[in-house]
Every structure is written in C-alpha cells, then in structure tokens.
Amino acid sequence: MISLTIDGQVVEVEDGSTVLQAARKLEIQIPTLCTHKALLPYGACRVCLVEIEGSRGSWLETSCTFPAQEGLVVNTTSDRVLRTRKIVLELMLARCPEVEVVKELAAEMGLEDTRFPKKGEDCILCGLCVRVCGEKMNAGAVHFVNRGTGKAVEPPYDRHSAVCMACGACEVVCPTGCVDLSKITTHQPRPIPSEFDEGLSSRGSIYVPFAQAVPNTPVIDKDTCIRLLNGDCGACQAFCEADAIDYDQEDTIEEVDVGAVIVATGFKLFDSKLINRYGYGKFDNVLSAMEFERISHASGPTLGKVIMKDGRSPQAVAILHCIGSRDENYHEHCSRVCCMYSLKFAHLVKEKTDAEVYNLYIDMRAFGKGYEEFYKRVLGEGVHFIRGKAADVTDVSETPEEKGKLIVVAEDTLLGVTRRLPVDMVILSGALTPSPDSADVGRVFSLGCSQGGFFLERHPKLAPVDSMSDGIFLAGACQGPKDIPDSVAQGAAAAAGALSLIDKGKVVIEPITAEIIEDRCAGCQLCIANCPYAAIEYDKEKNISVVTEELCKGCGTCVAGCPSGAAHQKNFEDEQIFSEIEGILTGSEV
Amino acid sequence: MADQQFEPKIVGFLCRWCSYTGADLAGTSRMQYPPTLTGIRVMCSGRVDPTFVVKALKEGADGVLIAGCHPGDCHYSEGNYKAMRRHPMLANLLEQFGIERGRVRLEWISASEGELFAEVVTDFTEQLQELGPLNWNQRIEADCETV
Ligand SMILES: Cc1cc2nc3c(=O)[nH]c(=O)nc-3n(C[C@H](O)[C@H](O)[C@H](O)COP(=O)(O)OP(=O)(O)OC[C@H]3O[C@@H](n4cnc5c(N)ncnc54)[C@H](O)[C@@H]3O)c2cc1C
Ligand code: SF4
Ligand code: SF4
Ligand code: FES
Ligand code: FES
C-alpha cells in the first residue's frame, strides 16, 4: 500500500493506482472526459489536472495518468489547477461549442463562452472509441489520423473498415454521441431485442431482465457477449466495483428436495401472426396486446407515450377483442381477462392521446368486482363500442379519408351494417392460451389437462387448487385464464395447502399398496418386470419377490399380472372387485 | 336384427386418474348417454386382471369397458401399456369361447374428455344392442357340449 496526501487528507491506495483513483477513494471530485474504468489511462482531455507539490516547487499533472507515490502531496483545487482547467475547457469549447458534456463542464467552471474562434466540431478527441475498439473489442477498426489541428478519428484510409464487427461499443463509450457507425462500416448493427419490451427496444449483452426481476441482478446473454464468444471485451468486469462478474460461471442444474410443489407456469399470449388477415407483423401499427402494454407503460420503450412507429400520436385507435379466443378455428374458450384489459387500453389511449377509440367486441364480459363500473366509466369517456368481431385489417383505401390509414372492417351486429373504420393504430387483444410446454410440465407432475389445454384441478368447486396428485398444487393462469386478483387468491390458497402438508412433516401413504404372499409366490419375477417404480425386489434366498411399501404407488399392475395370485393390492383386492361386480350385476340374467 | 328394447349391461373398469373423472365430468356437465354402464374404480387400467372381465361376463354383463389414460399419460407411466398388451390376448381367449371381440372394449379417455366418455358409452351400447344379450350360461354349455 501507498500512502499519499490529497487536499490535506491522507489516503492509502494499492500500488499501481493513479492519483485520480486515490482522490476518488477520498470522494474528492475531479472532472474527467477521457477516462473510462474499463480502459487504460490515456491523458487526452486534460480536464483532470491536479497540482503536485514537490520539494523544489509544484507542477501540473493529469491525475488519470499520474501514478500515486508514497508521500505524494496533491492539490486538486488550487488556483493554478482551476485556472488551467478553465483554459483547457475554453479551448475545448472553441473546438466543440455545441457539445453538451463540454458545455456542462464549462458551465460548472463558470464559463459561458469562449474567447477563441469556434470550430463547430463534435469530437473532443478523447480517444475512448479508439481504445475500446482496440483494447476491448480487439478489432482496431478506428484510429486517430493526422496531427495537430487536423487530428481526427477515422477508419484507416478514410474507407469503411473491413474489420469492424458493428458491435457499437464505440458508440456507447463516446461522451459526445458523435460516432456514426455507418461511416465506419457497411455492416448493419444488429440490436439485441429486449424480450421484456417485446422487441420494441434493445438491450445490452449484460442486462437486468426487467425492473422487478427476482433476483434483481444482471445476467449475461452468452449468445451475444463478446467476451464469452471470443474472449475480447470484458468491460463489465473492469467496471464492476463489487467484482461480481465471473465469466467462467456455467449453467448448473440444482436438485432441491421439496415436500410440495405449486405449479404456476401461467399462460402464453395468443400469437396474432396465426391469423394473417389482421395484418400483425405486416403493418407497423398493428400491435399485440403485450406490445401495447409495453408502449403504454412508463418504463417502456416510449416511456409511456402512446405513439406510432413513426413517432406520431395516433388520431384513431381500434382495439379488437377476442383475437384467437371464442373462435372455433383457434381456441373455443373465453379468455376472461381480455375484455377488461381492452377496456384498460381504451382508457389509457384516451388518457394519453386525443384519439378516437373503437372497441370491437363480441360480448362485453365485465365479470369481476368493480368491473362493470369501470366499463361504464370508459363508456363515459367517449370510447366507441361496436358489437361485432373485426373481420379484416387492410391498408387498401376506398375513399380519400381512408388514405394512409389502416382500415378495420367489421360487421356492426347492432346496426346490421358492415363498417369500415379508418384508424392509425390497431391493438389485437389476444387470447390467453396454455403454455406451449404444458404437456411436458404436466407429465413431470402427473397433471392432466382440461379441454383447451389448461391444467386440470381436482374438483372445479371443491378442490380448485389441488391437482390429482397429492402435494402438487395449481395456481394462476396455468389452470385457466384468470386475472391478477384471481391468480393471487389461488396462489395464496395453494401456498396454504402446501404449507399445511409441509407442517405435518410426514406424508400419509394411501393404503392401497401391493403385497406379495410369501407362500404363494413362485419367484417368477413377472411382477418385477411389471412394476413401473422398481418397487419390487427379488429375495434370492427365499426365491420370492418382495414389495417395498414406501416405493409402491399402488397402481396394481403387478397384481393383475401375477400368474400365481401371490400379489394382491390392499383395498383393491380381487375379492372386493369381484363383490363389486356381483353387486352391480345382481339380478341379471345369465 | 337389433332388439331396440334390449338394454345391455356394461361393467366399466375405470382408471381413477382419467376415465373415472371423465365419467364424473360427463355427469356434472349433464351429458346425455344411455344408463347402461356401471363403473368400478381401479387405480390404473394396469390393475384390470383379465379375470375381472371374465367374472363380469359370467355374472351377467353383456359387455365390459376398460378405460385408461391415453398412451404416455398413465399416472404410473406404463400401466396402460400393460393393459394394452393384455387386451388382445383376452379378446382372443374369449373368442375361442365364442364370445365376440366387440363385447370387451379398451378405450383411452382422459379426465377432461367427458364428451368422449358419453360417446363411447353410447356407441358401445349400440354395438351391444346389435350383438344382443350375451347369455353366458347357454353359450358356455353349448360350447362344452361340442367339445
Ligand atoms: C395483455 C394483457 C393484459 C393484462 N392486463 C391485466 C390487468 O390489467 N389486470 C389483471 O388483473 N390482469 C391482467 N392480465 C392477466 C394477467 O396477466 C394474468 O392474470 C397473470 O399474469 C397470471 O399470473 P400467473 O402468475 O398465473 O402467470 P404468468 O404471469 O404467465 O407467470 C407464469 C410464470 O411462470 C414462468 N414459467 C412458465 N413455464 C415455466 C416452466 N416450465 N418452468 C419455470 N417457469 C415457468 C413464466 O416465465 C412466467 O414468469 C392481462 C393479461 C394480458 C395478456
Ligand atoms: S463498432 Fe467497430 S469501430 Fe466501433 S468499437 Fe466496435 S469494432 Fe470498433
Ligand atoms: S402396485 Fe404398482 S407400484 Fe406397487 S409394487 Fe405393484 S406394480 Fe409396483
Ligand atoms: S480524464 Fe485525464 S486526461 Fe482526460
Ligand atoms: S393411471 Fe390411468 S391408465 Fe394408468
């Protein structure tokens, strides 16, 4: 460790640290423009100047490059420092008078204007892009060219670079936003679509999936991370103060022993692409319900502004109910929540824009507490409700006012006429459908599916959160379309059910296990082959098969297959079933 | 030809995980089907010992339905495959005693398929009406005499 004094305070830093790092440890603010945690110090901008006091006088150094030394005395706010920094900024302001970071920093120094002739450049020549490209991306696609006043950042020979990967790292680090990727490469950058924003915005290779994610920590997308793909970059590791980035981490499978399971795998929104007459995926402003959810959300890609692809505010919006639900060709069931979320959408469009809103519905199902009241409120807000399912969305106009619009064609079943509604935005309120992997999940937990594919509860009225298997509970939309209040209620009930099982600490085995009568068993071991749970073992000494009761699940397959009548099943004994048969058939003519 | 008045008696061995619940669903959904079948709950179609079927026919049933989970869906993984393998053997055996194959049916009916359950019972009933009453004693006696 090295000990030095900055502005009268003593600080200890590790060998190899810079004066800037030492100052930051003391929380002393020194402005910087060309320094970046992930990159080597460079000393280009010179705004980080500090005064070093030596035995034979003092001198100025760039703190980002000057190494901390034992006994060093540093002054960061001396007159000389401030005066020189001001001149540096004045010169920079002359070069780049319109660049925000420079203007802000200058203003902080009390500089409103520069006395030098202005040039109107936007690159401050900090070299961050050059360094990130060379040091981190290992590409070296951009460099400084020329000297003195002609100095600039460019790809070699002023041509498009052959080695640029269009990763965009240069754009990200540039403090002035002046990197134009199209001047560096002909490759198109491939933004990584944000899954949470339904692809309406992009995300980094390291990202927090969404604001409320649990755990709320970033993850690295190994399919796009340059470091994991080819060993370059590693910027996030250099950045992370907590030293939490570990590129060697591997996917692991963890086995957890549990006493009960709550299946809450939810639903999948109907893929509107399946019905191509609504133009989803073809027209820019035909949105899925989830896309509109993101657009209307304050943390979404448009920060909550309801706008079209081109940034304009829509003048008319149509919301089409029942897309994929109550439709014999797709899903027969009513998705229950779509009417209500469509009303929410109508309300949000009204709140955020001046647009006319049309809701096209088959029946209005405002089924819950306060929902009918909400419907009334939305009616009062001037939303147009048209009873009839939309037939078509087209951009083929028939009249001048339809020009440039999306036209929703629908039969208004109350008026008995076909209507054409010219709108700017169409929202498709899709069905809640079973998760595509529900059959697999069902198999793992021995869950059956109801018609329509949602998991089957033990009893629709008396056991709506239990499944057919003891200890496995159902909660939420995996059991059937439902809204948040109902999902929460079912979740709480399932948790209580699970807890009461766990609390007991033991499981009661149904008294239906199989048993093998020693004297009758011939030791043929057919039952061993029949048992799906390997619950039967062969006792060599006695030449008989023996059931391990704890493993037996009581299917009775071994019993049915035993040729010597040695295997029997408790409470499903042959005699009992024979008696049942006799009972059923008493009085029959034979 | 079929005696329309004849109401066959059917014994159903229903897997508790699927068909038994399916039958329940048919009932709670108020589906219409002939009241010809009485179900016996078993833990799995794999539990159905061929002697159950013979016993039922002997006691006066005109037909027997064994219903289990769809292939791949058996609660005990493969009990229904065992049932599937036993069924043709039993049918062959019964045929040798002059009992038509159509009197013993194996079906896969899941817990959500109340409608299918009703359909199967309706169809099976009609089929048995075509075949007429089984009259086990007469047949077996006749059979024994010829031997
Ligand atoms: C556009 C739209 C708007 C809506 N608006 C409202 C509204 O305003 N108010 C309201 O009350 N309701 C609304 N709903 C309904 C609401 O979304 C649902 O009620 C709710 O999401 C159901 O919650 P859930 O936890 O059961 O399922 P989900 O929210 O679907 O969550 C299931 C979770 O399980 C995970 N998962 C799935 N399979 C597996 C697996 N095999 N292993 C591990 N994890 C898995 C999924 O990734 C997901 O995180 C809306 C629905 C839609 C489509
Ligand atoms: S986009 Fe090209 S120039 Fe910019 S950092 Fe990446 S490789 Fe370098
Ligand atoms: S009843 Fe089923 S689970 Fe139990 S021992 Fe027999 S075959 Fe195995
Ligand atoms: S930050 Fe030190 S010279 Fe730019
Ligand atoms: S559990 Fe239904 S057939 Fe095996």
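**Ligand shells and the chain A–chain B contact**

In this predicted model, the residues around ligand 2 are Cys133(A), Ala139(A), Ala141(A), Val142(A), Cys164(A), Met165(A), Cys167(A), Gly168(A), Ala169(A), Cys170(A), Leu181(A) and Ile184(A). By class, this shell around ligand 2 comprises 11 nonpolar residues and 1 polar residue, with no charged residue. Two elements of chain A, helix 5 (169-173) and helix 6 (181-184), each contribute at least two residues to the shell around ligand 2.

Ligand 3 is likewise surrounded by residues of chain A, namely Ala514(A), Cys531(A), Pro532(A), Tyr533(A), Ile536(A), Cys552(A), Lys553(A), Gly554(A), Cys555(A), Gly556(A) and Cys558(A). The shell around ligand 3 consists of 8 nonpolar, 2 polar and 1 charged residues.

Around ligand 1 there are 19 residues, of which Lys344(A), Ala477(A), Lys482(A), Asp483(A) and Ile484(A) come nearest. Two of these approach the ligand through the backbone. A backbone N or O atom of Lys482(A) is placed 2.6 Å from an oxygen atom of ligand 1, and the corresponding distance from a backbone N or O atom of Ala477(A) to an oxygen atom of the ligand is 2.7 Å. A side chain also takes part: an N or O atom in the side chain of Asp437(A) lies 3.4 Å from a nitrogen atom of ligand 1. Ligand 1 taken alone exposes 990 Å², and the protein buries 60% of that area. The elements of chain A that give two or more residues to the shell around ligand 1 are strand 13 (267-269), helix 9 (289-295), helix 10 (338-352) and helix 13 (484-504). Among the contributors, helix 13 of chain A gives the most, with 3 residues. The residues of the shell around ligand 1 divide by class into 10 nonpolar, 4 polar and 5 charged.

The contact between the two chains draws 36 residues from chain A and 41 residues from chain B. Together the chains bury about 3200 Å², with 60% of this area on carbon and sulfur atoms. Polar contact between chain B and chain A involves 8 residue pairs, counted with both residues at pLDDT 80 or more. There are 3 salt bridges between the chains. One salt bridge is formed by Arg16(B) and Glu510(A), whose closest N and O atoms are 3.5 Å apart. On the side of chain B that touches chain A, at least two residues each are supplied by strand 1 (10-15), strand 2 (37-42), helix 2 (50-58), helix 3 (79-96) and helix 5 (136-146) of chain B. Helix 2 of chain B provides the largest share of this side, 6 residues. The side of chain B that touches chain A comprises 15 nonpolar, 13 polar and 13 charged residues.

Over all chains, a search of the whole structure finds 36 salt bridges. In one within chain A, the side chains of Glu398(A) and Arg420(A) meet with an N to O distance of 3.4 Å. Glu398(A) lies in the loop between strand 18 (390-394) and strand 19 (406-412) of chain A, whereas Arg420(A) belongs to strand 20 (residues 417-423), so the pair ties together parts that are 22 residues apart in sequence. Side chains of opposite charge can pair when their charged atoms come close.

Two features of backbone geometry were also identified in chain A. Most residues other than glycine have a negative phi, and most peptide bonds are trans. Val214(A) and Pro215(A), however, are joined by a cis peptide bond with omega of about -10°. Pro215(A) is located in the loop between strand 10 (206-207) and strand 11 (219-220) of chain A. Cys233(A), although not a glycine, has a positive phi of about 65°. This cysteine, Cys233(A), occupies the loop between helix 7 (226-230) and helix 8 (235-239) of chain A.

Terms used
Residues are numbered from 1 along each chain as its sequence is written. Chains are lettered from A and ligands numbered from 1 in the order in which they are written. This is a predicted model: local features need pLDDT of at least 70, side-chain atom pairs count only at pLDDT 80 or more; totals for chains, interfaces and linings use all residues. Side-chain values use heavy atoms; hydrogens and water are left out. A residue is near a molecule or strand if one of its heavy atoms lies within 4 Å of it. A polar contact is a pair of N or O atoms within 3.5 Å; within protein, one must be able to donate a hydrogen and the other to accept it, and residues adjacent in sequence count only if both atoms are side-chain atoms. Accessible areas come from the Shrake-Rupley method with a 1.4 Å probe; for residues, only the protein chains shown count as cover. Helices (H or I, at least four residues) and strands (E, at least two) are DSSP runs, numbered from the N terminus. Ala, Val, Leu, Ile, Met, Phe, Trp, Tyr, Cys and Pro count as nonpolar, Asp, Glu, Lys and Arg as charged, and the others, Gly among them, as polar. Contact means heavy atoms within 4.5 Å. Buried area is the accessible area (1.4 Å probe) that two parts lose on being put together, summed over both. A salt bridge is a side-chain nitrogen of Lys or Arg within 4 Å of a carboxyl oxygen of Asp or Glu.
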